[in-house]
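My notebook is open, and I'm going to poke around in this one. I'll jot down what I look up as I go.

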Amino acid sequence: MTTCCMRLQLSPGSYDVSIVDSNQCDRCVKSKKMLGHIWQYFYTSYLRYWLKWICRHLTGTCELQRICSGQRPGATRATKAEYSLKSSKNKVLTAALLSTEDHLEQCVNQIMREKKIKPQKDPMFKESLHVCLAQITGYKSLYVSVENLRKEVFNSDNVEHETMLLKLWDLLMPTVKLDSRITKQWGEIGFQGDDPKTDFRGMGLLGLINLVFFSEHYTEEARHVLSHANHPKLGYSYAIVGINLTEMAYSLLKSGALKPHFYNTVLGKPELQHFHQLYCYLAYEFDKFWVAEEPESIMQFNFYREKFHSHIKTQLQDPHVSLTLTVCPKN
């Protein structure tokens, strides 16, 4: 019997090697993908419509009603509502995904009219759908806000930018004064050169805002992490790693991987502060992860960074995930 992989099986005193035809293995994978695409097309184009039609006549409710009444607030409900709206052939429903915060109420009313949903018969539907739409459209709006900050270049001539940078130093090093704006002292909190502005090129102002947010709202924890970063053996560049974690948070947001987290933690429109809170979780947890792993040197950073990234992505596959710091933030 031919298999689709290479297998090396060892037993005491003997061995058996099965060498596989790689072309056959590739054909197997392609066949599975093709069957998956065919099934997906068949389900979305035909089967799903009839299943919805049957359920509607059996229950007297539309799919959105069944989702809103059958699921608790959170990622499962919002994700199913999003899929339902996206898969609908009704333009009123698909247009709801592009609605703005100011028009959500109107949008919900239009859907209720389109689906002939009576508030008297389903009094909770309107509020539930409004929350789902606020979460779904709010996620897209949050990405736009984060992207705008990422694109904003740190400018030394901008007083607000400079004030924020100096605030970061004061929060992390309250007993040490900077000799000057451009100084090697910046290396004490993990910047690469004498002028930190060069380190913000990748993530723009977003990187700095995240560093300051963590230091301002979780000052004790940020200083604790900095002490680990300055460890003679397990140390790493605090600010550079922090900016790297901003890139991780940004990429997770862009890919949509953070939807379960935000849908579970924010019953409404997620704001920038919620993204910064997520960054704080990553910064604190990465430090714990790094210390626990005990890498031999900073040269292994990329390996452990990807390992941590994979761990976070695995957590985000849990529909009940909530990546929130358990410590209380400062007011």
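**Entry 1: one helix**

Which residues of α8 are buried? Before I answer, a reminder to myself: this is a predicted model. I looked up α8 and found it runs over residues 204-217. The buried ones are G204, L205, L206, G207, L208, I209, N210, L211, V212, F213, F214 and S215. That's 12 of the 14 residues, so I'm calling α8 mostly covered, because buried means under 20% relative accessible area.

Next I checked its length. From first C-alpha to last, α8 reaches 21 Å, close to the 20 Å expected at 1.5 Å a residue.

What do the buried residues of α8 pack against? I got a list of helices: α6 (125-151), α7 (159-172), α9 (219-229), α10 (238-255) and α12.

**Entry 2: a hole inside**

I searched the whole structure for cavities of 30 Å³ or more and got one. The volume of the largest cavity comes out at about 60 Å³. Who lines it? L211, F214, V225, Y236, Y238, V241, G242, L245, Y279 and A283 do. Two of my α8 names, L211 and F214, turn up in that lining, and both are on the buried list too. The elements giving two or more residues to the lining are α8, α10 and α12. With four residues, α10 gives the most.

**Entry 3: rings**

How many aromatic pairs are there? I noted 19. I took W186 and F191 as my example: the ring centres are 5.8 Å apart and the planes sit at 85 degrees, so this pair is edge-to-face. Why edge-to-face? Because planes over 60 degrees apart count that way. W186 is buried at 0% relative accessibility, and F191 is buried as well, at 5%.

Then I tried F286 and W290. Their ring centres are 5.9 Å apart with planes at 35 degrees, so I wrote down "tilted". Both residues are buried. They are four residues apart in α12 (residues 272-293), which puts about one helical turn between them. That fits what I know of helices: there are 3.6 residues a turn, so residues three or four places apart point the same way.

F286 and W290 also belong to one aromatic cluster, along with Y236, F289, F301, F303, Y304 and F308. I'd already met Y236 in the cavity lining.

**Entry 4: a charge over a ring**

Last lookup: where does the charged end of K259 sit? I found it over the ring of Y139, 5.7 Å from the ring's centre.

Methods
Residues numbered from 1 in each chain as written. Predicted model: local features only at pLDDT ≥ 70, side-chain atom pairs only at ≥ 80, totals over all residues. Heavy atoms only, no water. Phe/Tyr/Trp six-rings, centres within 6.5 Å; stacked < 30°, edge-to-face > 60°. Buried < 20%, exposed > 50% of the residue type's maximum accessible area, 1.4 Å probe, protein only. Lys NZ or Arg CZ within 6 Å of the ring centre and 35° of its normal. Expected span 1.5 Å × (residues − 1). Contact = heavy atoms within 4.5 Å. 1 Å grid on protein atoms, 1.4 Å probe; cavity = no way out; pocket = protein on both sides within 12 Å on 5 of 7 lines; lining within 4 Å. Points joined across faces, edges and corners; volume = space filled by probe spheres on them.
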